[in-house]
Every structure is written in structure tokens, then in C-alpha cells.
Amino acid sequence: MKSFLHLHDQDDATIRALLCSAAAIERAPISDALKGRILGLVFLNPSLRTLASFQAGMAQLGGSSFVITPGQGTWALETRDGVVMDGAAAEHVREAVPVLCQYADALGVRCFAGGADLNLDLTEPVLSAFARHATKPLVNMESALDHPCQALADWKTMDDLDIPQSGRFVLSWAWHPKALPYAVPSAALSMAARRGMKVTVLRPEGYALPAAVMERAREQAARSGGCVRETSDRAAALDGAHVLYAKSWQAEAHYGRPESEAALRAPLRDWCVAESWFETARKDAVFMHCLPVRRNVKVKDEVLDGPRSRVIRQAGNRLHAQKAVLLHMLETQ
Ligand code: CP
């Protein structure tokens, strides 16, 4: 059974094959390769791109899909073992996942970080519970610490743009009104490191990514000849950069305490990406973001609507990349 839970645990040949397949799918999007196959999509958290692109992708490959939104259209789900279920959740993953696997050929799950206990979130408790009980291939549609479909689409986007494998990639923290999880920054950082890029994490003091996230990125860089460093010096970080990838994340020291985290973040509103940030970057440097993005909060209109922005292409590549993943999981099953 082939699941797709993380990009970082795929071997080089698989990543190359997925990117090659995604490019071929983009050129010839319609087929009946997955005729009669069904994808079950479980969304414990909201989505626009992931939901729409998985459903569209499955339809373009001749298959179909259904969507489960626990606690909204369907029963709220309990994911912890050994609990007394006298709260909101009426159904446990121990039953729900094997049941859904009888109706579908593969499952996808979106399960963001709980956000209260970092050590717990680092273990990916919900994704792991789904993986334990799934009897069909499982795809991670964004979990506590990872967003591998976004990462694969971002890799393809940089290939499409002829950004060198050893190019300079800056992952920059940006201001946001809420304390956000580590899934996308972790996935983007690890992906760029694995691609062999010279990666810089640009963040204000207090916003270093957790050690486990940085360690994984350094392991990925070691496999590919890339490197990873971090700084709070914007001009130095962006010097010669090919890519500025913006994302917000919360301060580790305040994890699970959004009120105190908000106090640390309050004076950092100038961390909103502007054209002036690119002064030391390459002339043709591009701006990337996974979307959704808050305009003039995380990035100014002048960048998002300007020639550097590649956010629409990134989102488009979600479709092609995920269809490659679906074929990889289901064609030989
Ligand atoms: N980038 C991304 O995953 O978008 P959605 O949250 O809308 O699915």
C-alpha cells in the first residue's frame, strides 16, 4: 500500500517520477487512468485549494470523490485512544477510518496541529491515528507539521520557472493576526533543502523554527548538497535570492498561549512583504506563498499584483502534483 504522508521520506527516484508525471499530466490533463476509483477526502479543517484540486483532479482522471467534514456535515470525530467519549465527538477514528476505507480506494486527511502542546503536535497524533487505522493508501492534505502536496507543487513551480536547483531560497516569517502552525513553513523549508537550494530562514528574534523542523531541513540538505541557515537580517538574507517564500508561524516559547504570543508579535507589523524587501535580491526574484494570504497584512498589493508573484501558478500546480500522487498511489494498487 503506497501512502503519501511526507515528501521528505520519499526517495529521490520517486520525487523525480512524481515531478515528471505532474509535468506530463499538465500537458495532457484528461484520462481514464483512475476510472471507477474513489477518493475519500476527510477535512477536519477548512480548505479552498486542497478540496477543489483533489476533487477536480480525481474527476479529470476518470474517478470520483466524496468529502467528509467531521463536526459539520458528519459526526464529530474522536482521534485519541482510551478516552471517555462524553463530549462533542460521536464517532471514533477506530471505526470511521476502516468504514470509509470500504467505500474508497484511497483516503486523504487534513488535520491541523492541535496547537496546545508542541511535543504532542510533533508526533502528528491525528495523521498517525488515520495511518494506523487505514486499510487503503492515505494522503496527507496538511497535518500538524507537514503539507507535502503543497511542497511538491512548489517544487514543480520552481522547476517550471527554471530556478536553479542550487538557487537561493528565502523562507521569510510574515506578520499575521493569529498564531499559526508550522506545517507550511516546515514543508517549504524541507522541500527547498531537499531540492539542493541554499536556504535561509528569515525571521525576527523569538521566531526561530523548532529544532526538530530545522534538523529535518538540514538532513534533507545533506542528501542533496543544499544548505540551511537562519538570520533576522533582511538585506543579508535576500542578497542574491531567487525566491522569497512568505509564511507566518507562531513563536515556540509561547506555543499554546496565544495571548502572550500576541504581545511578542504586536510590534512586528512591518514584517509585511513589500517591493523594497527585494532591493538586494536578484532582479528576477519571485514571490511565493501557499495561499490563502491576507493582503497588506502579510504581503502588500504591490508585490502580490506585481510581476514577481507566482502564487496563482503555485495553486495551479497543486492540481497537477496531486494527480501525479493519486496515480502513484492508485495505478498499481
Ligand atoms: N494552500 C492550501 O493548502 O490552501 P487551502 O488551505 O485553501 O487548501
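## Ligand site

In this predicted model, the ligand is surrounded by S47, L48, R49, T50, R110, H147, Q150, C290, L291 and R318.

Three of these residues can be described through single atom pairs. The side chain of R49 places a polar atom 2.9 Å from an oxygen atom of the ligand. In H147, a side-chain N or O atom is 2.8 Å from a ligand oxygen atom. With C290 the backbone takes part: one of its polar backbone atoms is 3.0 Å from a nitrogen atom of the ligand. On its own the ligand would expose 250 Å², and the protein buries 94% of this area.

## Main nonpolar core

In soluble globular proteins, nonpolar side chains tend to be buried together. Here the largest nonpolar core contains 88 residues, and F169, L189 and F287 have the most contacts inside it. Helix α12, residues 311–330, supplies the largest share of this core, with eight residues.

Where does this core lie with respect to domain 1 and domain 2? Residues come to the core both from domain 1 (7–146 + 318–330) and from domain 2 (162–309), so the core lies between the two domains.

## Around F169

F169 is one of the residues with the most contacts inside the main core. Beyond its neighbours within four places in sequence, F169 is in contact with M158, A188, M191, A192, M197, K198, V199, T200, V243 and Y245.

## A separate core

Another core, of 18 residues, lies apart from the one that includes F169. Among its members are A96, L100, V109 and A134.

Key: Residues numbered from 1 in each chain as written. Predicted model: local features only at pLDDT ≥ 70, side-chain atom pairs only at ≥ 80, totals over all residues. Heavy atoms only, no water. Core = buried A, V, L, I, M, F, W, Y, C linked by side-chain atoms within 4.5 Å. Buried < 20%, exposed > 50% of the residue type's maximum accessible area, 1.4 Å probe, protein only. Helix = DSSP H or I, 4+ residues; strand = E, 2+ residues; numbered from the N terminus. Domains from an automatic or database assignment. Contact = heavy atoms within 4.5 Å. Near = heavy atom within 4 Å. Polar contact = N/O pair within 3.5 Å; in protein donor to acceptor, adjacent residues only side chain to side chain. Areas by Shrake-Rupley, 256 points an atom, 1.4 Å probe, with all protein chains shown as cover.
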